[in-house]
Amino acid sequence: MKKSKKGNGIIAMSFIIAIMLTALPLPDWAVNWRPDWVAVVLIYWCMAVPDRIGIFIAWFLGLLLDVQQGNILGQNALSMTLIAFLTINSYQRMRAYPLLQQAVLVCFYLLLYKLVMLLILVYLGLNKSDWTYWMPAITSMLLWPWLFIILRDVRRKHRIS
Amino acid sequence: MFQRTSSTNIRFVVFALVSVFLIAVDPHQSHLKFLRTLLTTLVYPIQYVVNIPIEITEWGSTTLVTHSTLLKENERLKQERLLLSRKLQRYIVLETENRRLRKLLESSFKINDKVLVAELIGVELQTFRKQVVINKGLREGAYEGQPIVGSTGIMGQIIHVGPFSSTVLLITDPNHALPVQINRNGLRAIAVGTGNNNKLLLEHLPNTADILVGDLIITSGLARRFPSGYPVGKIKKIAYIPGEAFAKVTIEPSAQLSQLREVLMVWPNEKADEINKYLDDLTTKFRQ
């Protein structure tokens with residue numbers, strides 16, 4: 001099983017754009033609705049090319065996100081690792097699902113991701129969030145079909161597999 | 001197939017444990033500082049790019065203004081300068097007097113700390129905490145715990161330093177506490193953030209304490225982190241709750257925490273030579 005290096009740049013670029021979208025300032029009313037861009041893009045690549053995007057990359061992305069957001073180190077890293085683990089273990093099933101069902105599964109994974117983060121915040125005594133904390137999972141779910149189609153087209157165009 | 005699944009499982013367990021270790025160690029010890037600094041360097045280009053559109057609009061709004069607006073602004077600034085220099089004259093006289101009196105009392109007096117202007121970088125951090133990123137870091141000599149001041153009051157302190165940028169924890173963050181005193185009578189208290197940008201709470205002030213709505217709150221400098229004598233805010237509301245030993249005192253911060261673009265980094269124990277020289281010059285002028 002030979003790992004192809006083709007498309008590494010494209011995948012890295014998609015993650016960089018995802019981090020930028022996470023850092024982009026939004027008006028106050030929209031802040032709580034911002035999708036978890038990095039997590040969603042990670043789910044896509046874990047599903048599409050599970051041989052190449054694995055636990056380590058998820059962990060590293062989580063660390064970067066922690067530093068970018070000024071969190072305790074490891075908070076996003078742990079949750080991202082969990083997301084990658086879940087997706088890699090279910091990628092065959094996910095690929096067979098229709099888009100809407102995929103979106104629901106993505107929402108479920110993201111809720112777990114947010115739950116882990118919340119538990120960490122509670123453990124650290126930093127939890128000051130309210131119900132809007134869970135909104136990104138919903139917006140990410142709504143976003144999934146579009147993101148899936150865009151990333152699939154990009155993947156096919158650059159023959160990443 | 002089976003092999004890959006099992007290696008994924010092992011990796012998951014390993015990296016999950018590493019993350020748990022990081023979470024357990026990071027809040028309490030500084031061993032991970034180098035890791036954070038390293039990662040900050042990686043993240044900085046991304047934050048820089050995100051900030052570019054904001055820089056461009058800012059540049060546009062300053063370059064593409066009309067002649068009349070500029071004239072008006074110039075007029076206003078001149079007036080402001082006149083008013084401020086009048087105030088400064090009185091301030092200098094008071095300061096020299098204060099210095100002389102303190103010398104009589106043989107206590108040291110420090111004012112005019114070294115400062116440096118920094119700009120905010122427009123990136124979003126965790127939404128329910130109050131943090132901002134500024135564009136000065138290790139290169140400029142920023143350090144962890146350094147106080148950050150706006151034009152009208154204390155803003156916060158630096159919590160992480162990277163090579164080119166630093167993260168600032170604002171005084172309104174729910175996890176921030178600031179030792180303060182009431183300017184009118186020197187009563188000491190702790191101002192705690194609420195997560196709300198224009199609200200701080202004064203903790204543990206007894207119902208009988210001598211406080212009034214409108215009292216100016218300044219830093220007391222007791223924790224040795226913030227310099228003393230910088231304005232924090234004004235008392236906005238005092239609520240006495242029957243049966244409670246402490247009053248609920250709300251402060252409105254004087255720094256406009258959600259609007260600032262430029263902030264001052266303060267080195268409390270280093271004197272600013274230029275400002276001091278300027279002040280001394282003025283003082284000698286007055287004496288003559």
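Visitor: Let me start with one side chain: how does B:Glu58 count, as buried, exposed or partly exposed?

Guide: Here you check the relative accessibility against two cut-offs: under 20% is buried, over 50% is exposed, and partly exposed is what lies in between. B:Glu58 comes out at 31% relative accessibility, so it counts as partly exposed. Keep in mind that this is a predicted model.

Visitor: Which side chain does B:Glu58 meet in a salt bridge?

Guide: The general idea goes like this. Side chains of opposite charge can pair when their charged atoms come close. In this structure, B:Glu58 pairs with B:Arg261, at 3.2 Å from N to O. This pair links distant parts of the chain: B:Glu58 belongs to helix α2 of chain B, B:Arg261 to the loop between β11 and β12 of chain B, and they are 203 residues apart.

Visitor: And how does B:Arg261 count, buried or exposed?

Guide: With a relative accessibility of 19%, B:Arg261 counts as buried, because the cut-off for buried is under 20%.

Visitor: Which other side chain meets B:Arg261 in a salt bridge?

Guide: That would be B:Glu55, with an N to O distance of 3.4 Å. Again distant parts of the chain are linked: B:Glu55 is in helix α2 (residues 33–63) of chain B, and 206 residues separate it from B:Arg261 in the loop between β11 (248–253) and β12 (262–271). B:Glu55 itself is partly exposed, at 35% relative accessible area.

Visitor: Which residues are linked in a network of salt bridges?

Guide: B:Glu55, B:Glu58 and B:Arg261 are linked with B:Glu119 in that network. Over all chains, the structure holds 9 salt bridges.

Visitor: What about a salt bridge inside one helix: how many residues apart are B:Glu80 and B:Arg76?

Guide: They sit 4 residues apart in helix α3 (residues 67–105) of chain B, which means about one helical turn between them. Their side chains meet in a salt bridge at 3.4 Å, N to O. B:Glu80 is partly exposed at 37% relative accessibility, and B:Arg76 is partly exposed too, at 46%.

Visitor: Let's move to strands. Which strands close into a barrel, and in what order?

Guide: First, the principle. Strands of a sheet pair through backbone hydrogen bonds, either parallel or antiparallel. In chain B, 6 strands close into a barrel, and going round you meet β6-β7-β8-β11-β10-β9, with antiparallel pairing. From one strand to the next, the twist averages 45 degrees.

Visitor: How many bridges join the strands, say β6 of chain B and β9(B)?

Guide: Strand β6 (residues 177–182) of chain B and β9(B) run antiparallel and are joined by 3 bridges. To place yourself on screen, find B:Val180, whose bridge partner in β9(B) is B:Thr219. On to the next pair: β9(B) and strand β10 (residues 231–239) of chain B are also antiparallel, with 3 bridges, and B:Ile218 stands opposite B:Pro231 in β10(B). Then there is β8(B) with β11(B), an antiparallel pair joined by 3 bridges; there B:Leu202 stands opposite B:Val249.

Visitor: Where does B:His204 lie?

Guide: Look in the loop between β8 (200–203) and β9 (216–219) of chain B. B:His204 is not a glycine, yet its phi is positive, about 55 degrees. Its relative accessible area is 55%, so B:His204 is exposed. Chain A has a similar item to check: A:Arg159, in the segment after α7 (135–157), has a positive phi near 50 degrees and is a residue other than glycine. A:Arg159 counts as exposed because its relative accessibility is 63%.

Visitor: Which residue just after α6(A) takes a positive phi?

Guide: A:Gly125, at about 75 degrees. The helix before it, α6 (residues 99–124) of chain A, has 26 residues and spans 37 Å from first C-alpha to last, close to the 38 Å expected at 1.5 Å a residue.

Visitor: Last topic: how many residues of chain A are in contact with chain B?

Guide: There are 46 in chain A, in contact with 40 in chain B. Between them the two chains bury about 3,800 Å², 71% of it on carbon and sulfur atoms. On the chain A side, A:Val67, A:Gln68 and A:Leu73 lose the most area to chain B, together 15% of what that side buries.

Visitor: How many salt bridges are found across that interface?

Guide: The rule finds 0 salt bridges between chain A and chain B.

Conventions: Residues numbered from 1 in each chain as written. Chains lettered and ligands numbered in written order. Predicted model: local features only at pLDDT ≥ 70, side-chain atom pairs only at ≥ 80, totals over all residues. Heavy atoms only, no water. Helix = DSSP H or I, 4+ residues; strand = E, 2+ residues; numbered from the N terminus. Expected span 1.5 Å × (residues − 1). Buried < 20%, exposed > 50% of the residue type's maximum accessible area, 1.4 Å probe, protein only. Salt bridge = Lys/Arg side-chain N within 4 Å of Asp/Glu carboxyl O. Pairing = 2+ DSSP bridges. Axes fitted to C-alpha atoms, helices over the stretch in contact; angles between N-to-C directions. Contact = heavy atoms within 4.5 Å. Buried area = accessible area lost by both parts, 1.4 Å probe.
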